[in-house]
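Some labels on a structure rest on a cut-off. The questions below ask what stands behind a few of them.

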Amino acid sequence: ARAMDAFTLMQALTGSLSANTPERNAAEAALSGLDGAKGYLPCLFAVITSAEVQPAVAQAGSIYLKNLVSKHWSRGNGQQIPGGGERDARGMVVFPEEDKAAVRAGIFEALASSNNQTRGQLVNVLKKIAHYDFPAKMGGLVEQVSGALDAEVQQPERVRAAVLALHALCK
């Protein structure tokens with residue numbers, strides 16, 4: 001697997017929005033070619049949550065992340081897959097555990113700083129991850145939610161993230 005590069009990933013996401021069909025198809029092929037690569041999930045997550053990324057690109061990235069998590073998150077939990085953790089014996093994508101851990105660790109803050117274009121996708125990402133990993137691998141989420149609901153904090157975006165996270169956990 002090649003090293004993840006946020007700039008190249010942003011270019012591919014931008015290309016995936018192109019009205020030019022060959023350009024869009026090439027960008028989508030480049031993105032799907034990265035699916036199981038080590039470092040891909042945290043890099044995609046960083047692009048989505050970066051304030052420097054255009055909203056439409058962040059939205060495209062959040063939709064792509066949601067689809068990846070929905071399709072592949074459950075695979076490979078707790079087992080080392082030969083070949084670098086990229087694919088299982090049937091050729092299906094397996095995310096490396098350290099990549100999953102990075103997304104789990106950052107999902108609440110991403111939700112707190114999300115905008116209208118990415119928020120719904122990130123709620124769905126949290127819902128899918130929590131289905132498989134809460135509470136065993138997401139112990140810090142409860143503390144983040146309760147901290148955001150602390151009356152002394154008074155940060156509306158954190159309260160909204162806490163309510164959305166609670167709703168995702170309970171649904």
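The turns below deal with ring contacts, burial and cysteines in this predicted model.

Q: Why is the aromatic pair of Trp-73 and Phe-95 called tilted?
A: The ring centres are 6.2 Å apart, and a pair needs centres within 6.5 Å. The planes stand at 50°; under 30 degrees would count as stacked and over 60 as edge-to-face, so the rest, tilted, applies. The structure holds one aromatic pair.

Q: What makes this a link between distant parts of the chain?
A: Trp-73 and Phe-95 are 22 residues apart, and each sits in the loop between helix H4 (55-72) and helix H5 (97-112). Both residues are buried.

Q: How do you know that the charged end of Lys-100 sits over the ring of Trp-73?
A: The charged end is 5.1 Å from the ring centre, and the distance cut-off is within 6 Å. The label also requires a position within 35 degrees of the ring normal.

Q: Why is helix H3 (residues 40-49) described as largely enclosed by the rest of the structure?
A: Seven of its ten residues are buried, so the description follows. They are Tyr-40, Leu-41, Cys-43, Leu-44, Phe-45, Val-47 and Ile-48. These buried residues pack against helix H1 (6-15), helix H2 (21-33), H4, H5 and helix H6 (119-133).

Q: Why does Cys-43 count as buried, and why does Cys-170 count as exposed?
A: Cys-43 has 11% relative accessibility, and buried means under 20%. Cys-170 has 68%, and exposed means over 50%.

Q: How many disulfides does a search of the whole structure find?
A: Zero. A disulfide would need a pair of cysteine sulfur atoms within 2.5 Å.

Note on methods. Residues numbered from 1 in each chain as written. Predicted model: local features only at pLDDT ≥ 70, side-chain atom pairs only at ≥ 80, totals over all residues. Heavy atoms only, no water. Phe/Tyr/Trp six-rings, centres within 6.5 Å; stacked < 30°, edge-to-face > 60°. Helix = DSSP H or I, 4+ residues; strand = E, 2+ residues; numbered from the N terminus. Buried < 20%, exposed > 50% of the residue type's maximum accessible area, 1.4 Å probe, protein only. Contact = heavy atoms within 4.5 Å.
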